[in-house]
Amino acid sequence: MGFLEKFFVGAAVAVAVAGVSGAASARDVVSFDPGYSAGTIVVKTGERKLYYVLGGGQAVRYTVAVGRPGKEWAGQTVIGRMEVNPIWGPPAEVKRDKPELPDLVPPGPHNPLGPRAMLLQGTEYAIHGTNRRDSIGTRASYGCIRMYNEDVVELFDKVTIGTPVVVLR
């Protein structure tokens, strides 16, 4: 089984999301570079912010967790796969660092991907929720972009496969 297949092991699509709270999130509508097309996701890792471009010089800004030192990356890609209530299979690097982790983590409160995940095509990374709310706003991941669960559900509903994603340092 390859990395991508293990990363998103045949998760069942569900309409309801268990455990998504109505707690306050870290999102705002802000002025943004009009050079990006509406619908583009721009992640500024130095700011630990993700912007969903609305157009007209505006974007929805979300606070996110980004790659920890040594795990940062930058580039352009698109959303290649979208999962509701994903099953997580730790990538080899994570498993090497934390061998006590199970091979698969089912959907639910212990799943590091949270209730939604958007795999970034051509990379080993995803934009996803979290089971560690305290990590949002920090450099904590192996390169993935973590969001509050309520924010990732909102963003997931706005995007489709093929949505452009730009990651800047």
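**Figure 1. Aromatic pairs, with W73 and Y125 up close.** Searching the whole of this predicted model turns up three aromatic pairs. Here we look at W73 and Y125, whose ring centres are 4.8 Å apart with planes at 10°, so the pair counts as stacked. Where do the two residues lie? W73 is in the loop between β4 and β5, while Y125 is in the loop between β6 and β7 (126-128), so the pair ties together parts that are 52 residues apart in sequence. Is W73 buried or exposed? Its relative accessibility is 13%, and since the cut-off for buried is under 20%, W73 counts as buried.

**Figure 2. The F32, Y36 and Y51 cluster, and charges over rings.** Ring pairs also link F32, Y36 and Y51 into a cluster. Stay with Y51 for a moment: K44 lies over the face of this ring, 5.6 Å from the ring centre. Another charge over a ring shows up at F156, where the charged end of R116 sits 5.4 Å from the ring centre.

**Figure 3. The β2-β3 hairpin and its turn.** Strands β2 (41-44) and β3 (49-55) run antiparallel and are joined by four bridges. K44, the residue that lies over Y51, has K49 in β3 as its bridge partner. Together the two strands make a hairpin with four residues between them. What stands out about R48 in that turn? R48 has a positive phi of about 55°, and this is a residue other than glycine. As for surroundings, R48 counts as partly exposed, at 23% relative accessibility.

**Figure 4. β10 and its strand partners.** Which way does β2 pair with β10, parallel or antiparallel? They pair in the parallel sense, over four bridges. I41 has V165 in β10 as its bridge partner. Now bring in β5 (residues 75-84), which runs antiparallel to β10 (residues 164-168) and is joined to that strand by four bridges. Here T77 of β5 stands opposite V165.

**Figure 5. β5, β6 and the loop that follows β5.** β5 also runs antiparallel to β6 (residues 116-120), and five bridges join these two strands. M82 stands opposite M118 in β6. Move on to the loop between β5 and α2 (92-97) and you find N85. The phi of N85 is near 50°, a positive value in a residue other than glycine. N85 counts as buried, with a relative accessibility of 15%.

**Figure 6. The largest nonpolar core, seen around L50.** How many residues does the largest nonpolar core have? The count is 23, and the residues with the most contacts inside this core are I41, L50, Y62, M118, I127, M147 and L155. Many elements chip in: β2, β3, β4 (58-67), β5, β6, β9 (145-147), α3 (149-156) and β10 each supply at least two residues. Take L50 as an example. Setting aside neighbours within four places in sequence, L50 touches I41, V42, V43, V60, R61, Y62, V64, I127, I145, M147 and L155. There is also a second, separate core of seven residues, including F32, V42, A59 and V166.

**Figure 7. Stepping back to the whole chain.** How many helices and strands are there? The chain has three helices and ten strands, and from the N terminus on they run α-β-β-β-β-β-α-β-β-β-β-α-β. Of the 169 residues, 47% are buried. Among contacts between residues at least 6 apart in sequence, 66% join residues at least 24 apart.

**Figure 8. The predictor's confidence, and the start of the chain.** The mean pLDDT of the chain is 88, and 85% of the residues reach 70 or more. Where is the pLDDT below 50? That is the case over residues 1-24, a stretch that has 53 contacts in the model beyond near neighbours in sequence. Where pLDDT is low, the predicted coordinates should not be read in detail.

Technical notes:
Residues numbered from 1 in each chain as written. Predicted model: local features only at pLDDT ≥ 70, side-chain atom pairs only at ≥ 80, totals over all residues. Heavy atoms only, no water. Pairing = 2+ DSSP bridges. pLDDT = per-residue confidence, 0-100. Contact = heavy atoms within 4.5 Å. Core = buried A, V, L, I, M, F, W, Y, C linked by side-chain atoms within 4.5 Å. Buried < 20%, exposed > 50% of the residue type's maximum accessible area, 1.4 Å probe, protein only. Phe/Tyr/Trp six-rings, centres within 6.5 Å; stacked < 30°, edge-to-face > 60°. Lys NZ or Arg CZ within 6 Å of the ring centre and 35° of its normal.
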